[in-house]
Amino acid sequence: MPDNYKFGGGTSGTLLHPIVLVGMILALILIFVLPRKWLMGPLVFMSFLVPMGQQIYIAGVHLFVLRVVVLVAFIRALMSKDAGEPLVANGWNRVDTVCTVYMVAVAVATCATFHADTAVLVNQVGYLWDFLLGYVVVRCFIRDEEGLYTTLKFLAIVTIPLAIGMIIEQRTMVNVFGLLGGVNTVPDVREGKIRSQGAFAHSLMAGAFAATLMPVLVMFWRKGQSRLFGMIGVLGATVMTWTTNGSTPLLSYLAGIFALLCWPIRKSMKKVRWAMVLTLVGLQLVMKAPVWFLIARVDVTGGSSSYHRAELVDQFMNHIPDWFFIGVKDPSDWGLDMWDVQNQYVNIGEAGGIVAFVAFIMVISRSFGMLGDARKAVDGEKDKEWMLWCLGAALFANVVGFFGVNYFDNSRMWWFILLAMIPAIAEPMLRSKQGPQTPVGSGPKKLRRPWVKAKAQELDAKEVTVRGAVGKLVPRLRAGS
């Protein structure tokens, strides 16, 4: 296991290329002068075109370029907030709550686990700065459909220099982003295949970003004049995914395509989900090994460490008592290379214990739930349904990718952007279809879901009509008798 693989490592000096410094200063200026709808531009470009290692080192504190940009962006969000307007788009919601819980739980559990090391406190402040503040910032900036499409245009544009750089890696074995510092200048080679990484800390993160971005870029096909951005973005994302030569990115890409192809059966997804669950249960009953060892059989590129991924899950399940309460300090003694936790689910559990693990799963399930509720609320409005479906396809692609990658670098910003897009689009659709708030049943007053409310209002109208007819008929019958 490498020394300081969790915290306490890294460079002990400032690493800031002049080009990056100029770009950072320009981005900070633009954050203060641009209108709010364009603010995701500087954030996107600095997030995905600047290597994570670019930083200012002050008294043991690593001020990464992205950290500085996120902090200034948060200040701008506070300054541009209108009176009476919620800080985040459409107000705080259930996904925001569980997302905050899992991030705070990881920080608290890590501090508790490494209580004897004071450096961990500084490290976890940085973690919350990167994750929680980064998440809040994108929730502040992506506020509606216009903000979503504007952000997607920036993301489509950013794939082009990344794709070009990764092609250069394939041709010359030189990472042009590595010349800035902060990432490898020479890409990894496995089984004779070059694994391009661009500005990301590893080729897996570069590929996962591109593969899971592709489904939302397909959203542009229904936007007429914006189709060019969709074509550019899908092409760039596809090239990025292909040049990483990794099974996880390719499987995530295929998962996104599969989800998009399920569009015609979007109203029958409950049956599809149950079919998947029953299939896994059946395989668990007939397989000699646990069902998660199916991961070990997946090798798209011929050089994948798929058995390691399966072993990660297996050891995670076998050592539940070790990580359940506050995570685990050192999983390296669980087996060979068990310190290399390239599995987002396992990583969250090992770092934050059961609270963080469950909260992370709830982030995914509640995001899917919000998309599903909104799709039913706008049933029949194809353009809106398509937007929601593309977001769901991207979310599904991430769910698949999480089995083989851990978003520990700037790729996490894409995950936050996706989570921010969902309520920005889904919440207004839900609210527009809710109508009057009707309590359901006895006990605590709960609001009906939009499509249930519509049905209830229809039945109430019929009841009123029937009562009126009966009221007129009864006097006539009495008069006749």
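Here are some short exercises on this predicted model, each with a worked solution.

In this predicted model, local features need pLDDT of at least 70 and side-chain atom pairs count only at pLDDT 80 or more, while totals for chains, interfaces and linings use all residues. Residues are numbered from 1 along each chain as its sequence is written, and side-chain values use heavy atoms, with hydrogens and water left out.

**Exercise 1: the overall picture**

Find how many helices and strands the protein chain has, and what share of its residues is buried.

Solution. Start with the elements: the protein chain has 16 helices and four strands. Helices (H or I, at least four residues) and strands (E, at least two) are DSSP runs, numbered from the N terminus. Next, turn to burial: of the 481 residues in the protein chain, 49% are buried. Buried means under 20% relative accessible area, exposed over 50%, and partly exposed in between, with a 1.4 Å probe and protein chains only.

**Exercise 2: a helix that bends**

Work out where helix α13 bends, and what caps its N-terminal end.

Solution. First compare lengths: α13 (residues 344-377) has 34 residues, yet its end C-alpha atoms are only 32 Å apart, short of the 50 Å that a straight helix would reach. The expected span is 1.5 Å times one less than the number of residues. Then look at G353, where α13 bends by about 140°. That bend is the angle between axes fitted to the seven residues ending there and the seven starting there. Finally, check the N-terminal end: N343 caps it, with a side-chain oxygen 3.0 Å from the backbone nitrogen of Y345.

**Exercise 3: classifying ring pairs**

Decide which kind of pair F131 and F416 form, and which kind F258 and F396 form.

Solution. A pair of aromatic rings is described by the distance of the centres and the angle of the planes. Rings of Phe, Tyr and Trp (its six-membered ring) pair if their centres lie within 6.5 Å; planes under 30 degrees apart count as stacked, over 60 as edge-to-face and the rest as tilted. The structure holds 28 aromatic pairs. In one of them, the rings of F131 and F416 have centres 5.8 Å apart and planes at 70°, so this pair is edge-to-face. Because F131 lies in helix α5 and F416 in helix α15 (residues 412-434), the pair ties together parts that are 285 residues apart in sequence. Both F131 and F416 are buried.

Now take the other pair: the rings of F258 and F396 have centres 6.3 Å apart and planes at 45°, so the pair is tilted. This pair links F258 in helix α9 (residues 247-261) with F396 in helix α14 (residues 382-401), 138 residues apart. With a relative accessible area of 39%, F258 is partly exposed, and F396, at 24%, also counts as partly exposed.

**Exercise 4: residues in loops**

Is each of T244, N245 and E191 buried or exposed?

Solution. Begin with T244, in the loop between α8 (227-243) and α9. T244 has a relative accessible area of 1%, so it is buried. Its contacts (heavy atoms within 4.5 Å) include M166, I194 and P249. N245 is found in the loop between α8 and α9, and it is buried at 18%. E191 lies in the loop between β3 (188-190) and β4 (193-195), and at 61% it is exposed. As a last step, check the backbone: phi is near 50° in E191, and phi of N245 is near 50°, a positive value in a residue other than glycine.

How values were computed
Polar contact = N/O pair within 3.5 Å; in protein donor to acceptor, adjacent residues only side chain to side chain. Lists of a residue's contacts leave out its neighbours within four places in sequence.
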